[in-house]
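This report covers salt bridges, nonpolar cores, a surface patch, the cysteines and two further residues. The sequence and the structure come first.

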Amino acid sequence: MELRFPLFIDLRGKKAVVIGGGAIGLRRAEVLARFGAAVTVVSPALHHSVEGVVHIPRPYRPGDLEGALLAVAATDDRSVNQAVTEEARSRGVPISVADRQEDCDFFFPAICEGPGLVAGVAGDGRDHRKTAEAARRIRQVLEELV
C-alpha cells in the first residue's frame, strides 16, 4: 500500500496552472481557486465557466508553467499531458496528472470542510467508494461541530 503524506499549504495569491478545460481540469481549478490560488486555465475551450479563474483560450505551449507554484495536466491528449509533465519537472513545479497517477507529485483529496476546519481524504487509488464513504462520514462529523 502506498501511503501519501497530507500536506496543507497556503495557496492565497500563488499561481496555479491547469492545462485542460474539461470537467476534470475545471473541478481542479475550482478547488484551487476556492482555496485562494491565482488560477490560470489554458485550453482552447472550457467545459463551463469558473468564477475567479483566468482562461487563456488556446492549446498548451511550453512556458505556460512559468512562475507556477503547482500545475495540473488534465487534457484528453496523453502527449500534451506528458509535455506538461516534462515542463513541470524541468521547472521544479509539483504536478498532478489526470490520466497517469504514477506521474503525479501530488494528489487532490476529497475535500471536507466545516466551520474553521478542513480535512482531505485520499486513498491508495484502489477503492474510490471507500474514499468517498470516508469523506462523507468526515463531512458529517465536521457539520456536527458547529
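A salt bridge is taken here as a side-chain nitrogen of Lys or Arg within 4 Å of a carboxyl oxygen of Asp or Glu. By this rule the structure, which is a predicted model, has 11 salt bridges.

**Salt bridges**

Side chains of opposite charge can pair when their charged atoms come close. Three of the pairs are listed below with the distance between their closest N and O atoms.

| Pair | Closest N and O atoms |
|---|---|
| Arg-58 and Asp-64 | 2.7 Å |
| Asp-99 and Arg-78 | 2.9 Å |
| Arg-100 and Glu-102 | 3.2 Å |

In the pair formed by Arg-58 and Asp-64, Arg-58 counts as buried at 17% relative accessibility. Asp-64 is buried as well, with a relative accessible area of 12%.

Which parts of the chain does the bridge between Asp-99 and Arg-78 tie together? Arg-78 belongs to helix H2, whereas Asp-99 sits in the loop between strand S5 (95-97) and strand S6 (110-114), so the bridge links parts that are 21 residues apart in sequence. Asp-99 is partly exposed, at 39% relative accessibility, and Arg-78 is partly exposed at 31%.

In the third pair, Arg-100 has a relative accessibility of 32% and counts as partly exposed. Its partner Glu-102 is exposed, at 57%. Through shared partners, salt bridges connect Arg-78, Asp-99, Arg-100, Glu-102 and Asp-103 in one network.

**Asn-81**

Asn-81 is located in helix H2, which spans residues 78-91. Its relative accessible area is 0%, so Asn-81 is buried. Beyond its neighbours within four places in sequence, Asn-81 contacts Ala-73, Ala-74, Thr-75, Val-97 and Asp-99. The last of these, Asp-99, is also the salt-bridge partner of Arg-78.

**Nonpolar cores**

The largest nonpolar core consists of 18 residues, and those with the most contacts inside it are Val-18, Leu-32, Val-39, Val-41 and Val-72. At least two residues of this core come from each of S1, helix H1 (23-34), strand S2 (38-42) and strand S4 (70-73). H1 supplies the largest share, 4 residues.

What surrounds Val-41 when residues up to four places away in sequence are not counted? Val-41 touches Val-18, Gly-20, Gly-21, Leu-26, Ala-29, Leu-46, Val-53, Val-54, His-55 and Ile-56. Of these contacts, Val-18 is itself named among the core residues with the most contacts.

Apart from the core of 18 residues lies another core, of 14 residues, which includes Val-42, Tyr-60, Ala-68 and Ala-71.

**Surface patch**

On the surface, Phe-5, Leu-7, Ile-9 and Leu-69 make up a nonpolar patch, and together they have about 450 Å² of accessible area. Phe-5 lies in the segment before strand S1 (15-19). Its relative accessible area is 69%, so Phe-5 is exposed.

**Cysteines**

How many disulfides does a search of the whole structure find? The search gives 0 disulfides. A disulfide would need a pair of cysteine sulfur atoms within 2.5 Å. For Cys-104, the closest cysteine sulfur is that of Cys-112, and a bond is ruled out because the two atoms are 20 Å apart. Seen from Cys-112, the closest cysteine sulfur is that of Cys-104, again at 20 Å and too far for a bond. Cys-104 is buried, with a relative accessible area of 14%. Cys-112 is buried too, at 0% relative accessibility.

**Val-118**

Val-118 lies in strand S7, made up of residues 117-121. With a relative accessible area of 35%, Val-118 is partly exposed. Setting aside neighbours within four places in sequence, Val-118 is in contact with Phe-8, Phe-35, Ile-111, Cys-112 and Glu-113. One of these contacts, Cys-112, is the buried cysteine with 0% relative accessibility. The C-alpha atoms of Val-118 and Pro-94 are 22 Å apart in space, and the two residues are 24 residues apart in sequence.

Technical notes: Residues are numbered from 1 along each chain as its sequence is written. This is a predicted model: local features need pLDDT of at least 70, side-chain atom pairs count only at pLDDT 80 or more; totals for chains, interfaces and linings use all residues. Side-chain values use heavy atoms; hydrogens and water are left out. Patches are made of residues with over 30% relative accessible area and no salt bridge: like charges are joined within 9 Å, nonpolar side chains (Val, Leu, Ile, Met, Phe, Trp, Tyr) within 5 Å. Accessible areas come from the Shrake-Rupley method with a 1.4 Å probe; for residues, only the protein chains shown count as cover. Buried means under 20% relative accessible area, exposed over 50%, partly exposed in between (1.4 Å probe, protein chains only). A nonpolar core is a set of buried Ala, Val, Leu, Ile, Met, Phe, Trp, Tyr and Cys residues joined through side-chain atoms within 4.5 Å. Contact means heavy atoms within 4.5 Å.
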